[in-house]
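This report covers the fold of one chain, the packing of a helix pair and the contact between two chains.

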Number of protein chains: 2
Amino acid sequence: MTYCVALRLKAGLVMLSDTRTNAGVDNVSRFRKMFTWSVPGERAVAMMTAGNLAVTQSVISQLEDAIADPSHEGDTVLSAPSIYRIAEIVGGLMQDAQQKWGAGVTAMSESIYATMLVAGQRAGGQPRLFMVYSAGNFIEATEDTPFFQLGEFKYGKPIIDRVITYDSTLEDGLTACLLSMDSTLRSNLSVGMPLDLAIVPADIFGFSENRRIEAEDANYRAMSDAWSASLREGFIKMREAPKWS
Amino acid sequence: MTYCVALRLKAGLVMLSDTRTNAGVDNVSRFRKMFTWSVPGERAVAMMTAGNLAVTQSVISQLEDAIADPSHEGDTVLSAPSIYRIAEIVGGLMQDAQQKWGAGVTAMSESIYATMLVAGQRAGGQPRLFMVYSAGNFIEATEDTPFFQLGEFKYGKPIIDRVITYDSTLEDGLTACLLSMDSTLRSNLSVGMPLDLAIVPADIFGFSENRRIEAEDANYRAMSDAWSASLREGFIKMREAPKWS
């Protein structure tokens, strides 16, 4: 399984993904689900993937090939005039993969379904965040719903629902994403460390963070322990709440 | 959908259910999912239901009919020698319903799947909690895993995972169940107030609570608000945690 979460705040974009994939509990692997590109000072783009790995890997490979190929005609992740256009390119490649493999994979009773989050900002535009579906269509995060999740989203949704708004700071956004991931890691074995993190502060057109967080990361552990302690403390305080009996 | 949670603690049993059912978001109804029986001082039994409503209603009706029928042969909820035996009776009725309706319902592409939680204590026995499946088989909650959930369980699982052990008090157990329900209500529209609550303290062989909690219940609201405030406060404290950047 997978857990990816992305926030589109006024202050910028925060993206966090796990790295575990599995075909059954006895076939667990580690694959990167976060991919980033940038032209410093001009654009920063991050994508996160979930679902059929063959589909998402083929999309990412074709995006990379287009960038590497000097004779490529049409927009690439590095040349597209907007993040919207990049979502459109990704949608087109998702649709191609469905057409090429959909019938065959479905005939094997396997799922061809995949989704991707496309986030970024380029000079002259706003920070934007899109969720691209298998059929190539996509939706955009708005001020009302400033976040998207992929995969095993339920365990980690309550904390984000409760603390994040469009006006939250990037720092609070990062904390909420890490706590959301922490809740998911504790409850679902198919979501696993290490994590990949990317942050695109508004109007910088680059990444302030673009790194891997390993299982033994001391700051991550400290945060996870502090949150556990804080929840337990809050829970104990509930003993003072009014009672029925 | 449904959310039901039951704890089997050293101190006794706590059960909490919502009351919303739906066939699509445009067909929402209210049905009781908690059913209780007692012989004060001798036994207290509670059941909670999820899944195909025709199946679970037929099981409950037959349990009631058996009690009401003086010529009924064999054990009833009120005469069975153990809670285990009651789980067996429920399992048998679940299996009967599958055999009677399974093929027909499946042919309509509807789900015949149902699950029930059976909890209680009778004089001479321990507090016990069983999860009964459609096929009639069942599992029992143990000291290692002292709770079961039905239905939309994911949103409300992290809080129980973090704060409840077999040695928790009934009061903490009740608070954890209510907070778990509160997180689920906020995140899933198909789970709804009012709630039904039942508590069986160990070795009382009766209920200390067996009541409905209405949407406008002031104590429930106060608890929900206090928990939101506590989470936000805990979250703000996280700003003092170590940072990467």
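## Helix packing in chain A

Angles between helix axes under 35 degrees count as roughly parallel, over 145 as roughly antiparallel, 65 to 115 as roughly perpendicular and the rest as oblique. In this predicted model, helix α1 (residues 53–68) of chain A packs against helix α2 (residues 83–107) of chain A at an angle of about 130°. α1(A) and α2(A) are therefore oblique to each other. Their axes lie 9 Å apart, and the crossing of α1(A) and α2(A) is right-handed.

On the α1(A) side, the residues that meet α2(A) are A:Ala54, A:Val55, A:Ser58, A:Val59 and A:Gln62. Facing them from α2(A) are A:Val90, A:Leu93, A:Met94, A:Ala97 and A:Trp101. The residues of this contact comprise 8 nonpolar, 2 polar and no charged.

## Overall fold of chain A

Chain A contains 5 helices and 12 strands. Its radius of gyration is 19 Å, close to the 18 Å that the globule rule gives for 245 residues, so chain A is as compact as a globular protein of that length. The C-alpha trace of chain A spans about 70 × 45 × 35 Å along its principal axes.

Of the 245 residues of chain A, 45% count as buried. Among contacts in chain A with a separation of 6 or more, 66% join residues 24 or more positions apart.

## Contact between chains A and B

Chain B and chain A each contribute 32 residues to the contact. On the side of chain B that touches chain A, α3 (157–163), α4 (170–187) and α5 (218–237) of chain B each supply at least two residues. The largest share, 12 residues, comes from α5(B). This side of chain B divides into 13 nonpolar, 9 polar and 10 charged residues.

Key: Residues are numbered from 1 along each chain as its sequence is written. Chains are lettered from A and ligands numbered from 1 in the order in which they are written. This is a predicted model: local features need pLDDT of at least 70, side-chain atom pairs count only at pLDDT 80 or more; totals for chains, interfaces and linings use all residues. Two residues are in contact if their C-beta atoms, placed from the backbone, lie within 7 Å. Helices (H or I, at least four residues) and strands (E, at least two) are DSSP runs, numbered from the N terminus. Ala, Val, Leu, Ile, Met, Phe, Trp, Tyr, Cys and Pro count as nonpolar, Asp, Glu, Lys and Arg as charged, and the others, Gly among them, as polar. The radius of gyration is taken over C-alpha atoms; the globule rule is 2.2 Å times the number of residues to the power 0.38. A residue is buried if 20 or more other C-beta atoms lie within 10 Å of its own, exposed if 12 or fewer, and partly exposed in between; C-beta atoms are placed from the backbone. Axes are lines fitted to C-alpha atoms, for helices over the stretch in contact, and angles run from 0 to 180 degrees between N-to-C directions. A crossing is left-handed if the near helix is turned anticlockwise from the far one by less than a right angle, and right-handed if clockwise.
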